[in-house]
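Here are some short exercises to help you find your way around a new structure. Have a go at each one before you read its solution.

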Amino acid sequence: MSELGTNVPVGTAPPNLVVAPGPHLHSGSLTTQRMMFDVIGAILPVAVVEIAMSGHASFYKLLFAAACCMGAEWLFQRMRGRRATLRDGSALLTGLILGLSFPPNTPWHIVFSASLVAIGLGKMAYGGLGQNIFNPAMVGRAFAIVAFPSALGASAYVPSVDGVSLATPLSAFKAEGFIAPLVSLFAGVGENAYGTSSALASLVGGVYLCLRRSASWEIPAAMLGAAALGAGVIQALGVSGGWTVLHELSGGALVFGAFFIATDPVTSPLTPLGKAIFGAGIGLLVIVIRKLTGYPEGVMFAVLVMNAFTPLINRWTVPTPLGGPMPERKSS
């Protein structure tokens with residue numbers, strides 16, 4: 001997730017400007033910093049599952065990704081002559097989400113370059129804090145997949161000839177038709193599973209976020225509902241190959257993405273209806289990508305596509321102003 005805020009040159013007091021029409025209600029307790037650290041706290045169960053499954057490699061990967069994103073944010077802010085924004089926790093959160101999206105033994109140079117792109121291209125190129133169009137962590141991951149296809153692309157998940165499979169449950173099903181046990185899939189444990197694949201841990205953290213109102217419940221509800229609908233249609237047509245709706249919901253990063261990536265307040269729509277449309281679009285796109293392309297997972301591409309539609313969705317779902325809509329002028 002990224003954040004809401006303004007960029008202020010070093011040594012300059014921030015302007016007190018309000019540019020939206022009234023009436024307004026403001027709560028001083030819901031700050032950008034509080035939202036960021038709410039998400040960081042909610043993401044800890046996911047990180048704990050990954051570290052418990054993969055050990056020190058995952059711990060060092062997460063630490064390195066967080067450090068790289070924070071270092072990149074400090075560097076780019078200084079290059080722009082802006083005040084450092086590390087205390088708001090946004091760069092730390094971007095690093096954690098980016099790190100969790102990579103397998104435990106991802107080479108350091110991939111994590112490093114993806115972190116630079118996430119902060120530099122995904123965030124600072126649009127003006128920095130709160131002005132980005134796309135989710136920065138997903139921009140970094142997309143770059144890594146395109147730049148290092150042999151390590152992270154679809155070809156990286158082809159089982160090796162010596163019988164030692166590198167496949168995640170989703171890629172093992174896509175390549176070999178292997179169906180993982182539903183319980184281990186939901187818990188995110190087992191061979192080659194890692195943090196973002198734990199639907200249970202993501203659900204625990206996600207519910208906490210929604211209760212704290214640091215995430216909008218409409219987005220994950222619509223996203224998971226639409227994915228279930230799409231998977232249900234495929235199952236009803238008898239072409240699912242034994243991969244049921246529950247397998248689809250529990251597998252991969254679908255639940256993680258629903259609560260921790262799609263709910264970014266900067267890159268998602270503003271109104272409840274807009275958020276529902278946005279979430280439903282991501283859920284359906286995930287199923288389409290999983291079933292019709294070479295990639296076993298589809299959360300990253302689906303989020304980036306719907307991020308691009310967010311301004312248009314905001315225009316479609318402009319709420320009725322207080323007092324009703326403006327009457328149309330009668331032609332004379």
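**Exercise 1.** How many of the twelve residues of H5 are buried?

Solution. Keep in mind that this is a predicted model. Start by listing the buried residues: Pro136, Ala137, Met138, Val139, Gly140, Arg141, Ala142, Ala144 and Ile145. That makes nine of the twelve, so H5 is largely enclosed by the rest of the structure. Next, look at what does the covering: helices H3, H4, H6, H12 and H14 are among the elements over these residues.

**Exercise 2.** Work out what span helix H5 should have, and compare it with the distance between its end C-alpha atoms.

Solution. H5 runs over residues 136-147, and at 1.5 Å a residue its twelve residues should span 16 Å. The end C-alpha atoms are 16 Å apart, which agrees. While you're there, check the N-terminal end: asparagine 135 caps it, with a side-chain oxygen 3.1 Å from the backbone nitrogen of alanine 137.

**Exercise 3.** Describe the pair formed by the rings of phenylalanine 173 and tryptophan 243, then place it in the chain.

Solution. First, a search of the whole structure turns up eight aromatic pairs. One of them joins tryptophan 108 and phenylalanine 112: it is tilted, at 6.4 Å centre to centre with 55° between the planes. Those two sit four residues apart in helix H4, about one helical turn. Tryptophan 108 counts as exposed, at 58% relative accessibility.

Now for our pair: the centres of phenylalanine 173 and tryptophan 243 are 4.6 Å apart and the planes are at 25°, so the pair is stacked. Phenylalanine 173 belongs to helix H7, while tryptophan 243 lies in the loop between H10 and H11, 70 residues apart. Both residues are buried.

Note on methods: Residues are numbered from 1 along each chain as its sequence is written. This is a predicted model: local features need pLDDT of at least 70, side-chain atom pairs count only at pLDDT 80 or more; totals for chains, interfaces and linings use all residues. Side-chain values use heavy atoms; hydrogens and water are left out. The expected span of a helix is 1.5 Å times one less than its number of residues. Buried means under 20% relative accessible area, exposed over 50%, partly exposed in between (1.4 Å probe, protein chains only). Contact means heavy atoms within 4.5 Å. A polar contact is a pair of N or O atoms within 3.5 Å; within protein, one must be able to donate a hydrogen and the other to accept it, and residues adjacent in sequence count only if both atoms are side-chain atoms. Rings of Phe, Tyr and Trp (its six-membered ring) pair if their centres lie within 6.5 Å; planes under 30 degrees apart count as stacked, over 60 as edge-to-face and the rest as tilted.
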